[in-house]
Amino acid sequence: MRKLGRTTAQRNAMLRGMVTLLLETGKVETTYTRAQEVSRKADEMITLGKKGDLAAYRAALAYITKEDVAKKVFSTIAPAYADVNGGYTQVLKMGPRRGDGAETAIVKLVAVKTEATEETDSKKKKK
């Protein structure tokens, strides 16, 4: 765990907010080191969503700051990754920030290929 130049409470609050935003919108732009930490925590929340039991829901709700986002994780996001073991998020480097030159990155949820999209992809390849 990186300290990110903050106290423990500040760091946890920042990461909780960013993970909630990522799970709500699907994408967050931040510095590269923060992006790596947000990616790690978001993967943990989706893994809890895949468990699907009450204890996992309460653990996710203790970290995610909005109840409707926690419900979204358990009802829509986690089932989409049912056949995937890890790697639910992707960190893409964007280059230096104009003001201070900090390396920026985008964290986004990885698009999951469903059976329907795999069938259409295979049909396109055959043509």
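Let's start with Phe74, which has a relative accessibility of 16% and therefore counts as buried, since the limit for that label is under 20%. Keep in mind as you look around that this is a predicted model.

Phe74 does not sit alone. Its ring and the ring of Tyr57 have centres 5.2 Å apart, and their planes meet at 80°, so this is an edge-to-face pair. Find Tyr57 in helix α3 and Phe74 in helix α4: the two residues are 17 places apart in sequence, so their pairing ties together separate parts of the chain. A pair of aromatic rings is described by two things, the distance of the centres and the angle of the planes. With that in mind, how many aromatic pairs does a search of the whole structure find? There are two. The other one joins Tyr81 and Tyr88, whose ring centres are 5.1 Å apart; here the planes stand at 55°, so the pair is tilted. Tyr81 and Tyr88 are both buried.

Tyr88 leads us on to Asp43, a residue of helix α2. Setting aside neighbours within four places in sequence, Asp43 is in contact with Gly87, Tyr88 and Thr89. With Thr89 there is also a polar contact between the side chains, at 3.1 Å. Is Asp43 buried or exposed? Its relative accessible area is 18%, so Asp43 is buried. You can also look from Asp43 towards Val19: the two are 24 residues apart along the chain, and their C-alpha atoms are separated by 9.5 Å.

Val19 brings us to helix α1, which runs from residue 8 to residue 25. This helix has 18 residues and reaches 26 Å from its first C-alpha to its last, close to the 26 Å expected. Val19 is one of its buried residues, along with Arg11, Met14, Leu15, Met18, Thr20, Leu22 and Leu23. An α-helix has 3.6 residues a turn, so residues three or four places apart point the same way. What covers the buried residues of α1? The cover includes the helices α2, α3 and α4, together with the strands β1, β2 and β3. Just after α1 comes Gly26, which takes a positive phi of about 95°.

One last stop is a charge placed over a ring. Lys93 lies over the face of Tyr32, at 4.6 Å from the ring centre.

Technical notes:
Residues are numbered from 1 along each chain as its sequence is written. This is a predicted model: local features need pLDDT of at least 70, side-chain atom pairs count only at pLDDT 80 or more; totals for chains, interfaces and linings use all residues. Side-chain values use heavy atoms; hydrogens and water are left out. Helices (H or I, at least four residues) and strands (E, at least two) are DSSP runs, numbered from the N terminus. The expected span of a helix is 1.5 Å times one less than its number of residues. Buried means under 20% relative accessible area, exposed over 50%, partly exposed in between (1.4 Å probe, protein chains only). Contact means heavy atoms within 4.5 Å. A polar contact is a pair of N or O atoms within 3.5 Å; within protein, one must be able to donate a hydrogen and the other to accept it, and residues adjacent in sequence count only if both atoms are side-chain atoms. Rings of Phe, Tyr and Trp (its six-membered ring) pair if their centres lie within 6.5 Å; planes under 30 degrees apart count as stacked, over 60 as edge-to-face and the rest as tilted. A charge sits over a ring if NZ of Lys or CZ of Arg is within 6 Å of the ring centre and within 35 degrees of the ring normal.
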